[in-house]
Structures are given as structure tokens and as C-alpha cells.
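This report describes the sheet of one protein chain and the elements around it. Please look at the sequence and the model before reading on.

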Amino acid sequence: MSNRFAERTKMFKSSPIREIAGLIQKKGSEVISFAGGNPYEPYFPSAAIKKAFDKVFESGNRSLQYGMTPGFMPLRELISQRVLNKGIQTNPENILLTTGAQQAIDLFSRIMISPGDVVLTENPTFFAAVQSFESYEANVVGVNGDEDGMYLDELESKVIQYQPKFIYVVPTFSNPEGRVWSKERRKALLELAYKYNTLILEDDPYGDIQFNEDDQFIPIAAMDDQKSHVVYTGTFSKTVVPSLRIGWVTGPEDVLKYLSQIKEAADLMSSPLNQQALYYLMKDMDLDAHIRMLRKNYNHHMNTMQDYLKTLDANFVNWVEPKGGMFIWVKVHESINTLDLLSEVLEHGVAYVPGSPFYVENPQQNTLRLNFTHSSPEQISLGMERLVSVFKKSVMQVNRE
């Protein structure tokens, strides 16, 4: 039988990370993977999560019933306070709980994008967000930048040219580059949004994982005094556990109204059971202390990985030291195609994600992303020894040529 699928299915793409995970699985457990974006399991607050679920079940069968589409109100109240601590003025009624931040991105795409609409993004950017935009038949256009954010002249030029429905950014510890937008670029982006009446979708999954406690990275949503041009989404997947699948989104009231309506059509609600458990966890556990532990330990993970990169010829490899987040973005010699090199790297028992799939346009084939949060420092050392050995062979080949 030949099924008559919707035209939009032609826009669907597989995730390169999932494909690499399949290759790793075939190679066996001896492969040390720096390819995903996973947190480190030993840091999960497992005992506290178990106690939280026990409290949910102790509260009776009503806790197992359907819930409201916007989510469990006591949890929304706690999130509202945490968001307020970041400087974002909102209230519990204007927070929608979602099944991870990825669902927030997808729901927003669904209410905003008509076929052919333009979405502007950083280039490179988070691959799964582009998947969502393109699944609704958007034309995704990249804006280049540096470690401080998008180039403002290029951004304004493309806003004028394309009149985008929205601009998608990950300004704090971006995926894949792990970079932080400057305060000046954040303000300038917001001013452009005001000037040209364009929404900003600010994705902030990594913002809590900052290595220097004294750093202040103000969300663009906190700068939006008009409360009119920024939709802000976050998640607990990186700071608590991914499997709870709890994210949230806040923004202008008319946007939240449509997001809630379309979520009701999509899945009625995210898991009330998980939401209640997270509520008890946040009430009984010092989440800020847990996050401070993550910051300290992930900083050690990052430095362990970076120390191995420093042993390589500076003419062959360069990167910007992350101030937080989960990734190091690496550029190697322009003669090296990291997608082609991956098969050899896998043979040596280590994996990364080639950088080219993260680009919306003009991919740089000599880039790659390394995740430092999923492996122990000991595994990172072993994996980086393997990776550096392959890179050094590549350096020798480049020098011979």
C-alpha cells in the first residue's frame, strides 16, 4: 500500500546524534561517547526523587488523575519564583508546563509558522529546533556571529529582507558552540525586535550551569520591559533529571493562550505525576545547592577535556573556553572533514558529533562538538587520549601535504 503522507513529511530529518548513537551501539560499550548532550547519571538526586514520588503516592489516588493543561499550579508557582530570580517578570498563570523544552519549541512553531514563513537562527544552532521549524515548512535562515552573539548588521539586514516570524536564539552557553552573548548584543537584538515587530524565542536549557558564580548573564526576556517580544523557555532536564521531561514556557499573554490551546490538542497535558513529584523535590531538596554541585563538578569535567585539547598544535585546533553549559565547540585544520574522520575515531573507541549538521547554511566541515557532562573525568581522560591520538595523526598528514 502506498500511503499518502502530508507534504510536510518531506521536510523531516533524522537527528545526526541519534544516528551516531546507533553506530556507537554497534561498536559496543567500549566506545566513550562525547556525542550526546546528556548529564552525568551519578549526579542525579535519585534518593530525593524517590522520596518525592513517595509523597505523591501518599497523597492518595487523586494525585494519579488527569490534570490541567497548563500544569500543576503549585509547581508553576515555584517556577515563577525561580524565573523572577533571573529578572523575568511573570506570574504562575502565565507559565505553561511542557514535556521538556523541546515540546515548548515545537508548540511555538506550530502556532507561529505557516508554510514558507522565515525563521532566523544563529548559524550554527541547536539541530532539534531546526527540525521542529522545518517540520512546519518554515524557511530557516542562519545569521552568522562571533563569541558575543549574532552580527547585528547581518541580523538587521536579514530581518528587513525576510520579515521573519521570529528569531530563535540560545544566548547563554549555546548549543553547539557553548558561547555566551554579550549584554550589548542581547539588548541590541531586543531593540531590533521592537523596531521591526518580531518575536524572539529564547531557549535557555543550560543557563543555570555557569562555572563562575560571579558571572551575570541576564536573559533577554528579563530585558523585555514591554513583556511583549520575548518567549522564554527552560527545562529541568539538565539540572534535575531528563526522564521527568518537564520544561516550561512563558511570554506574552496572547502567545501563552495559543500555546495552551495547541498543547491541549497535542497531548492534553504533560504528566501530572511527574509534575507533582518535581514539586515535592523542589520543596524538600535544596535545588540551588544541587546546582552549585553541578557547576563545580562540570567545570572540572570541562577542564579535564580542555587540558587534552591544549596538547594539540594551536595551528591545527582552536576553541573558545566555555563559561558554562555542556559543550566544547572545536575547529580543526580546514583540510580535515570531521564527518569523514568520525569512522576512524569510532574505531579508536571514542565518538563526537561532526559540526556540519548544526549549520543552517554554509556548513564548516572542519568543526565538531564535544560533550563533557556525560562521562566521568576518568572516562574523559581515556576518551580524549584516544581522540588526541587520531588528531595527532591527522596533523602529521597535514604537515606532509
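How many strands form the open sheet, and in what order do the strands stand? In this predicted model, seven strands make up the sheet, ordered β2-β10-β9-β8-β7-β3-β4, with mixed pairing. The edges are taken by β2 (95-98) and β4 (139-143); each has a single partner strand, so one side of each lacks a neighbour in the sheet. On average, neighbouring strands are turned by 20 degrees against each other, direction ignored.

Two of the strand pairs are set out below.

| Strand pair | Direction | Bridges | Residues standing opposite |
|---|---|---|---|
| β9 (residues 230-235) and β10 (residues 247-250) | antiparallel | four | Thr233 and Val249 |
| β3 (residues 118-122) and β4 | parallel | five | Thr121 and Gly142 |

The pair β9 and β10 also meets a helix. Helix α9 (residues 253-267) packs on the sheet and touches β2, β8 (199-203), β9 and β10. The direction of α9 makes about 30 degrees with that of β2.

At the β4 edge, is the strand largely enclosed or left open by the rest of the structure? Four of the five residues of β4 are buried, that is, under 20% relative accessible area, so the strand is largely enclosed by the rest of the structure. Thus β4 has a side without a neighbour in the sheet, yet the rest of the structure largely encloses β4.

The parallel pair β3 and β4 is linked along the chain through helix α5 (residues 127-135). This β-α-β crossover from β3 to β4 is right-handed.

Key
Residues are numbered from 1 along each chain as its sequence is written. This is a predicted model: local features need pLDDT of at least 70, side-chain atom pairs count only at pLDDT 80 or more; totals for chains, interfaces and linings use all residues. Side-chain values use heavy atoms; hydrogens and water are left out. Two strands pair if DSSP finds at least two bridges between them. Helices (H or I, at least four residues) and strands (E, at least two) are DSSP runs, numbered from the N terminus. Axes are lines fitted to C-alpha atoms, for helices over the stretch in contact, and angles run from 0 to 180 degrees between N-to-C directions. Contact means heavy atoms within 4.5 Å. Buried means under 20% relative accessible area, exposed over 50%, partly exposed in between (1.4 Å probe, protein chains only). A crossover is right-handed if, with the strands pointing away from the viewer, the path from the first strand over the helix to the second runs clockwise.
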